[in-house]
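Here is a set of short exercises to work through with the viewer open. Try each task before you read the solution below it.

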Amino acid sequence: MTRIATENYREEAIKGINDPVLQKALANLQMRLGRGAEEAYRNLPEGPGLRRKAHEIRMNAIENLDVLLELLADKIRSRGGHVFFAEDADAAVTYCLETAQKHNVRLAVKGKSMITEEIGLNDAFAAADIEVAETDLGEYIIQLAGEHPSHIIAPAIHKTRSEIGLLFSEKLNIPYTTDPETLTRAARKALREKFLSAGMGISGCNIACAETGHITVVSNEGNIRMSTTLPKVHVAFMGMERITARLSDHDILFRLLSRGAAAQKMAGYVSYIGGPRISGQADGPDEFHLVIIDNGRTKILADNEFREMLCCIRCGACLNMCPVYGEIGGHAYGYAYTGPVGAVVTPLLVGINRAKDLCLGETLCGACKDACPVDIDLPRMLLLLRAKLADGDEKWNVKRENTGEKILYGIWSEIVRRRWAYDAMLNLSREGLRLFTGKEGMISSFPFFLKGWTDSRDMKLPARESFMLQWKKSEKQKRVK
Ligand code: SF4
């Protein structure tokens, strides 16, 4: 079953803010990967403007999805592969489960894939008594700990070395150590056994190509290559938007993906997969299945204002720059997608009212747009989601969230458009605020719904005279002189 815990955003965010270990890990991550990506974009021979070109490539693919997906499916089928279009998470999971059961699979090895998190694949396999072993080191750690990823590409960022040492000692039965090399070797040994005995390999798809009819998966650990070539059956999952028209588009997208995700020129391993092993090939599965998932994406595609979100290549770069993610970490977002990308895409996939705190929690500072390798305007869509929450929206089935706030902002809008009314309000509020003012002229505690303003900082009483009044006075004095 798909895990949706977006309602716990506030509690989980507070937990994250109060966790000193997480704070240190997030600061390191943003310093290393966030700054590194900026530098990597600057050093591109074509300059950071290449991101705009990538945006055009992605938008062009999104506008022609129907044709491109058919081309991809035809080419894969012509090589003996199977393609299944899944309308929702249940259909995708059921297809994969039935394929596993048909082949009597007891163990599947999986490369990191956010879409399988989105559809809750692991839980469904566990319920059917089939083991799914995560093979990306970070995902493997998280799986051993029984937790969920907290970052799109660095899922175990919230875990310390000593926590991992204790975990490995308990679960892998090795002496406790915090030495990264020893820990990695222990994971490698355990995973080798899984690779060699698995009946099914499961992967995601970074970007597919309609022209050549293949999917591409990238990794830095080589685990995806082993997951997709050693077992007899390979099932790959892709969101229906993860495709481009031409192979030449891939060059640009992967150069930007690697820079945005990990400040690298290119990922360590890039695999192009277009079907099962053919006679004469040494490696590869006997059966290849590609599951192309809709799960709410058609609705996003049909909306001109949100369609741009489908350009996302899930690189995680926006997380590495976001000041909110940098404070609260990933678990607060309560779904597969965290950070700014999660704050836009999760409400669209699971319901805008249900996931409202995610988009309300972001600062709209614009750092995510600057970090995005495909130049997605996330702040624009965050504002749009907020507008839907404020006004309600039939198409997205959004109920107006806070009528009181709507009325207050309506009044505010009328006041700020009239100078005299604004001055009168300032004078009145100054007098009213005096009731809450402490000894040093600061307000440290507001009552009721205004409490949030003073929970973590004091507020200064507005100046006795407004800036405009002081300006007028000073101009008058100048003229008199
Ligand atoms: S929104 Fe942009 S930066 Fe964020 S995950 Fe998607 S592609 Fe990467």
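In which sense do strand S4 (residues 200–203) and S7 pair, and over how many bridges? Keep in mind as you look that this is a predicted model.

**Solution 1.** Start with the two strands themselves: S4 and S7 run in the parallel sense, and four bridges link them. For a landmark, find Gly-201, which stands opposite His-234 in S7.

**Exercise 2.** Now move to the other pairings: describe how S7 and S1 each pair with strand S10 (residues 287–293).

**Solution 2.** Step one: S7 pairs with S10 in the parallel sense, over seven bridges. Step two: S1 and S10 are also joined in the parallel sense, over five bridges. Step three: look for the residues that stand opposite one another. Phe-237 has Val-291 in S10 opposite it, and Val-291 is the bridge partner of Phe-84 as well.

**Exercise 3.** Assemble the sheet: give the order of its strands, and explain why S1 and S3 each have one side without a neighbour in the sheet.

**Solution 3.** Putting the pairs together gives an open sheet of six strands, ordered S1-S10-S7-S4-S2-S3, with parallel pairing. Strand S1 (82–86) and strand S3 (131–134) are at the edges and have a single partner strand each, so one side of each has no neighbour in the sheet. On average, neighbouring strands of this sheet are turned by 20 degrees against each other, direction ignored. To finish, add helix H5 (residues 89–102): H5 lies across S1, strand S2 (107–110), S4, S7 and S10, and runs at about 170 degrees to S10.

**Exercise 4.** Take S7 (residues 233–239) residue by residue: how many of its residues are buried, and which ones lie on each side?

**Solution 4.** Begin with the rule that in a regular strand the side chains alternate between the two faces of the sheet. Applied here, one side carries Val-233, Val-235, Phe-237 and Gly-239, and the other carries His-234, Ala-236 and Met-238. Next, check burial: seven of the seven residues of S7 are buried. Both faces of S7 are therefore covered, because a residue counts as buried when 20 or more other C-beta atoms lie within 10 Å of its own.

**Exercise 5.** Which residues of helix H8 (residues 137–145) are buried, and against which elements do they pack?

**Solution 5.** The buried residues are Leu-137, Glu-139, Tyr-140, Ile-141, Ile-142 and Gln-143. They pack against S3, H9 and helix H10 (180–197). Then step past the end of the helix: just after H8, Gly-146 takes a positive phi of about 70 degrees.

**Exercise 6.** Is Arg-161 buried or exposed?

**Solution 6.** Locate Arg-161 in helix H9 (residues 161–171). Count its C-beta neighbours: there are 12 inside 10 Å, so Arg-161 counts as exposed. Now look at what lies around it. Leaving out residues up to four places away in sequence, Arg-161 touches Thr-178 and Pro-180. Asp-179 is 18 residues from Arg-161 in sequence, with 8.0 Å between their C-alpha atoms.

**Exercise 7.** Where do Arg-314 and Asp-375 lie, and what is the sign of phi in each?

**Solution 7.** Take Arg-314 to begin with: its place is in the loop between helix H13 (297–301) and helix H14 (325–328). Its phi is near 50 degrees, a positive value in a residue other than glycine. Arg-314 is buried, because 20 other C-beta atoms lie within 10 Å. Asp-375 lies in the loop between helix H17 (367–371) and helix H18 (378–391). Asp-375 is not a glycine either, yet has a positive phi of about 50 degrees. With 21 other C-beta atoms within 10 Å, Asp-375 is buried.

**Exercise 8.** How many residues surround the ligand, and how do they divide by class?

**Solution 8.** The ligand is surrounded by 15 residues, of which the closest are Cys-312, Cys-315, Ala-317, Cys-318 and Cys-372. Sorted by class, the shell holds twelve nonpolar, two polar and one charged residues.

**Exercise 9.** Zoom out: what domains is the protein chain divided into, and how far apart are their C-alpha centres?

**Solution 9.** The division gives domain 1 (6–298) and domain 2 (419–480), with 53 Å between their C-alpha centres. The protein chain contains 22 helices and twelve strands, and 42% of its 481 residues count as buried.

Definitions and conventions: Residues are numbered from 1 along each chain as its sequence is written. This is a predicted model: local features need pLDDT of at least 70, side-chain atom pairs count only at pLDDT 80 or more; totals for chains, interfaces and linings use all residues. A residue is near a molecule or strand if its C-beta atom, placed from the backbone, lies within 6 Å of it. Ala, Val, Leu, Ile, Met, Phe, Trp, Tyr, Cys and Pro count as nonpolar, Asp, Glu, Lys and Arg as charged, and the others, Gly among them, as polar. Domain bounds come from an automatic or database domain assignment. Two strands pair if DSSP finds at least two bridges between them. Axes are lines fitted to C-alpha atoms, for helices over the stretch in contact, and angles run from 0 to 180 degrees between N-to-C directions. Two residues are in contact if their C-beta atoms, placed from the backbone, lie within 7 Å.
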